[in-house]
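Me: Please take a close look at the salt bridges in this model. I would like to know which side chains pair and how exposed the partners are.

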Amino acid sequence: MSEPDADTPADDLGGSMRTLVRGQSLEETQAIISGAYSPYRLSVLGSADAFSAWYAEGGFPGVTVSGLQYGGAVTLVDPQPLTSYLLVCRLSHGTVRVVSPGREERVVSAGETYVLDPYRKFQVYWESGARMTTVRLSRETVEAAAGQALGGDGPVRARFSLNGAVSPAAVRSWEGISAALHREVLGEGVAQHSPIVATQLTQAAAAILMETYELITPGVDVRRTGAVGHPAVRRVMALAQERAAEPLTLADLAAAARVSPRALQEAFRRYLDTTPLGYLREVRLARAHEELAAARGDGDVTVSEVAYRWGFSNLGRFAAVYQQRYGHTPSATLRA
């Protein structure tokens, strides 16, 4: 992939990349990167005298690409949630550990990527010498693409797992569009002065992102993401997310979709490879997972009450499907 290497100073790369940080001042680095991203707390876990940093960025309307390096010591980055934009981060050298309190944790090595969505509180521990490039897209652009990918009538709140790409083919697609974005910036391409080209590239990047990384928005399963063109399916998807805690039956879902139960089941099998009630169960499972994760350490919350609240009356069955979906038991989530 022909992205810039994050250890190469932007002054040597040409194009519209601008070096904003290059030095050993912790305070200056924190102030500048806070302005570029979001309010940002930077800590050195070791000797502050060994700290060094480099940051450069460039872009065109809709996209910002950047390079970032911390060296000399383990550095803890602790920003506020991004709120208005999303970052796709690719490690070019070294290792970082990304921690999202109450949600996930992942160690990311050179050549791997991860996504930070606007709703995520996170901390990143940079090993000395770790370097990365990032692609920044606005929340509005990403959520419009999510709505289109899911066949909705408008934007969909897009939250992403910290996991890497969902398949090797997805990796190749994302690397292709990412390399194109970097070429436009580094080579001062036509996107710099053509709103049409800038918009098309930005929308293409957001669309490919939907197929590359795992959406964890409640009720959305990346394995079933795709163009859902059937209006009855879209209506039931919306109903399932809005009324997941209610005792909905297949007849209820079919009535809301304005089709027969049989027609609704056929549409779900065709577009989502599941059943209407299977989709509803996935929504409820995601809601239960979120509630258990949010209640970690709260001794007043039990697995059984959370399961019952989201329509799982058989606790054994709930535990089995939960472990199959998340890789551990509900009680493990609650205790973590």
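**Salt bridges and their partners**

Reply: Glu282 is buried, with a relative accessibility of 13%. The model is a predicted one, and in it the side chain of Glu282 forms a salt bridge with that of Arg325, at 3.4 Å from N to O. Glu282 belongs to helix α9 (residues 276–294) and Arg325 to helix α11 (residues 315–326), so the salt bridge ties together parts that are 43 residues apart in sequence. Arg325 is partly exposed, at 25% relative accessibility, whereas Glu282 falls under the 20% cut-off and therefore counts as buried.

Helix α9 also holds Glu291, which pairs with Arg309 of helix α10 (residues 303–309), so parts 18 residues apart in sequence are tied together. In this salt bridge the closest N and O atoms are 2.4 Å apart. Both partners are partly exposed: Arg309 has a relative accessible area of 37%, and Glu291 has a relative accessibility of 22%.

Another pair involves strands. The side chains of Glu57 and Arg18 meet in a salt bridge at 3.6 Å, N to O. Glu57 sits in strand β3 (residues 52–60) and Arg18 in strand β1 (residues 18–23), so this pair links distant parts of the chain, 39 residues apart. Glu57 is buried at 14% relative accessibility, while Arg18 is partly exposed at 45%. Arg136 joins Arg18 and Glu57 in a network of salt bridges.

Over the whole structure, the search finds 13 salt bridges, among them the pairs Arg325–Glu282, Arg309–Glu291 and Glu57–Arg18.

Conventions: Residues are numbered from 1 along each chain as its sequence is written. This is a predicted model: local features need pLDDT of at least 70, side-chain atom pairs count only at pLDDT 80 or more; totals for chains, interfaces and linings use all residues. Side-chain values use heavy atoms; hydrogens and water are left out. A salt bridge is a side-chain nitrogen of Lys or Arg within 4 Å of a carboxyl oxygen of Asp or Glu. Helices (H or I, at least four residues) and strands (E, at least two) are DSSP runs, numbered from the N terminus. Buried means under 20% relative accessible area, exposed over 50%, partly exposed in between (1.4 Å probe, protein chains only).
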